[in-house]
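Pull up the model and let's walk through it together. We'll begin at one spot and then zoom out.

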Amino acid sequence: MIILGIESSCDETAAAVVEDGRKVLSSVIASQVEEHKLYGGVVPEIASRRHSEAIAGVVRQALADSGKPLSQIDAVAVTYAPGLIGALLVGVNFAKGLALSAGLPLIPVHHLRGHIASNYLTSPELEPPFLCLVVSGGHSHIIEVKSYTQLRVLGKTRDDAAGEAFDKAARAMGIPYPGGVEMDRIAEAGNDRAYQLPRPRVDGAPLDFSFSGLKTAVINLLHNAGQKGTEVNLPDLCASYRRAVVDCLTENFLKAAEQTGTQKLVAAGGVSANRLLRRNLQELCAKSGRKLYVPELSLCGDNAAMIASQGYYEYLAGNTAGMELNACAQRSIE
Ligand code: ATP
Ligand code: MG
Ligand code: FE
């Protein structure tokens, strides 16, 4: 079955053609990041406009690259939630129009389920059940993936997401948006024990995360250094901060693996590209005899191949929609 996937939940306009949920025939991503950089973050109104301008060309390119004309496409899968509402609407309306005019089934896909599916594209042998750490710009979840379409949230962030925690702290350090990427690079040259930072925990909810206090600790540290006129070593601060965030993520993820007795661990989302997170998870899994799966780097961030992949499994489970499909800014992955 050949599925055309469409993604427009944030600042990437993307389309891809995927065969049977596993084989990427084409994947096109038009990123708006350079424009949003000017404002230090994603400006929703600009994002919607750029999606509207780009979407037809991106879809046409994905079809051309795949070597499959529209007549050989079996279904259209689209991200319908969660994300920026104006951005999501562009993809959803385009997908509805295309499905209606071509007489194809329409498959709504949850963006975070798509992030998890990036692993089905990377690791052909991976099948549920497994435990997944979904860490992205807007979400930090520990999820029990019981089947391709049955998921349960075991833990989540109470405030900032991991990606947001990286981006906001980076911004305070003067690193341009999206700072998480650059902070990871700078941190490689730093001493991660140079600055003492907290490892926040959530009382009574051992699998939940809280990152806002950690971000505040960095902002206070920078503020105090500024007042005293002391130099801050950027690589050391980046390394110390990155280790604090990664420690929180890996500690809770391993706790969840022990509690549920899961041997198969999976990471997904933009932050799963983080070098330290990948190294530490690999090490912890090797030590405890668990198997780790991470998406290839090109599939960690937003793309439409992951949407087409998850779309295949949603279709098999009977999850299609009609022309009443609407976009939804917030919706649980369950
Ligand atoms: P969501 O998926 O929750 O809707 P999003 O789609 O905006 O949010 P993603 O595209 O999955 O998020 O990921 C983007 C985030 O990943 C940004 O916050 C970015 O800083 C972060 N990120 C990307 N690469 C790295 C890295 N190497 N280290 C840390 N963070 C990273
Ligand atoms: Mg993005
Ligand atoms: Fe995302």
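**From one glycine to the two domains**

Start at Gly180, which touches Gly163, Phe166, Asp167, Ala170 and Val271, leaving aside residues up to four places away in sequence. Keep in mind that you're looking at a predicted model. Gly180 sits in helix α6, residues 179-187. Buried or exposed: which is Gly180? It counts as buried because 24 other C-beta atoms lie within 10 Å, and the cut-off for that label is 20 or more.

Why pick this residue? Gly180 is among the positions covered by the UniProt annotation "binding site", which comes from an unreviewed entry. That annotation also takes in Val134, Val135, Ser136, Gly137, Gly138, Asp167, Asp184 and Asn274. So one of the contacts of Gly180, Asp167, is on the list as well.

Now hop over to Gly138, another annotated position. You'll find Gly138 in the loop between β6 (130-135) and β7 (140-145). Gly138 is buried too, because it has 20 other C-beta atoms within 10 Å. Its contacts, again not counting residues up to four places away in sequence, are Ala161 and Glu164.

Time to zoom out. The protein is divided into domain 1 (2-116 + 299-316) and domain 2 (127-297). Taken over C-alpha atoms, the centres of domain 1 and domain 2 are 27 Å apart. Where they meet, 14 residues of domain 1 and 21 residues of domain 2 take part in the contact. On the domain 1 side, the elements giving two or more residues are α1 (33-37), α4 and α10 (305-316). The residues on that side split into 7 nonpolar, 5 polar and 2 charged.

Next, have a look at the sheet built from 5 strands. It is open, runs in the order β3-β2-β1-β4-β5, and has mixed pairing. β3 (23-31) and β5 (106-110) are at the edges: each has a single partner strand, so one side of each has no neighbour in the sheet. From one strand to the next, the twist averages 20 degrees.

Zoom in on one pair: β2 (residues 12-19) and β3 run antiparallel and are joined by 8 bridges. Within that pair, Ala14 stands opposite Ile29 in β3. Two helices are worth following here. Helix α2 (residues 44-66) packs on the sheet, touching β1 (2-7), β2 and β3, and its direction makes about 25 degrees with that of β2. Helix α4 (residues 111-122) also packs on the sheet, touching β3, β4 (75-81) and β5, with its direction at about 95 degrees to that of β5.

Definitions and conventions:
Residues are numbered from 1 along each chain as its sequence is written. Chains are lettered from A and ligands numbered from 1 in the order in which they are written. This is a predicted model: local features need pLDDT of at least 70, side-chain atom pairs count only at pLDDT 80 or more; totals for chains, interfaces and linings use all residues. UniProt positions are given in the numbering used here, feature names are shortened, and annotations may be inferred rather than shown by experiment. Helices (H or I, at least four residues) and strands (E, at least two) are DSSP runs, numbered from the N terminus. A residue is buried if 20 or more other C-beta atoms lie within 10 Å of its own, exposed if 12 or fewer, and partly exposed in between; C-beta atoms are placed from the backbone. Two residues are in contact if their C-beta atoms, placed from the backbone, lie within 7 Å. Two strands pair if DSSP finds at least two bridges between them. Axes are lines fitted to C-alpha atoms, for helices over the stretch in contact, and angles run from 0 to 180 degrees between N-to-C directions. Domain bounds come from an automatic or database domain assignment. Ala, Val, Leu, Ile, Met, Phe, Trp, Tyr, Cys and Pro count as nonpolar, Asp, Glu, Lys and Arg as charged, and the others, Gly among them, as polar.
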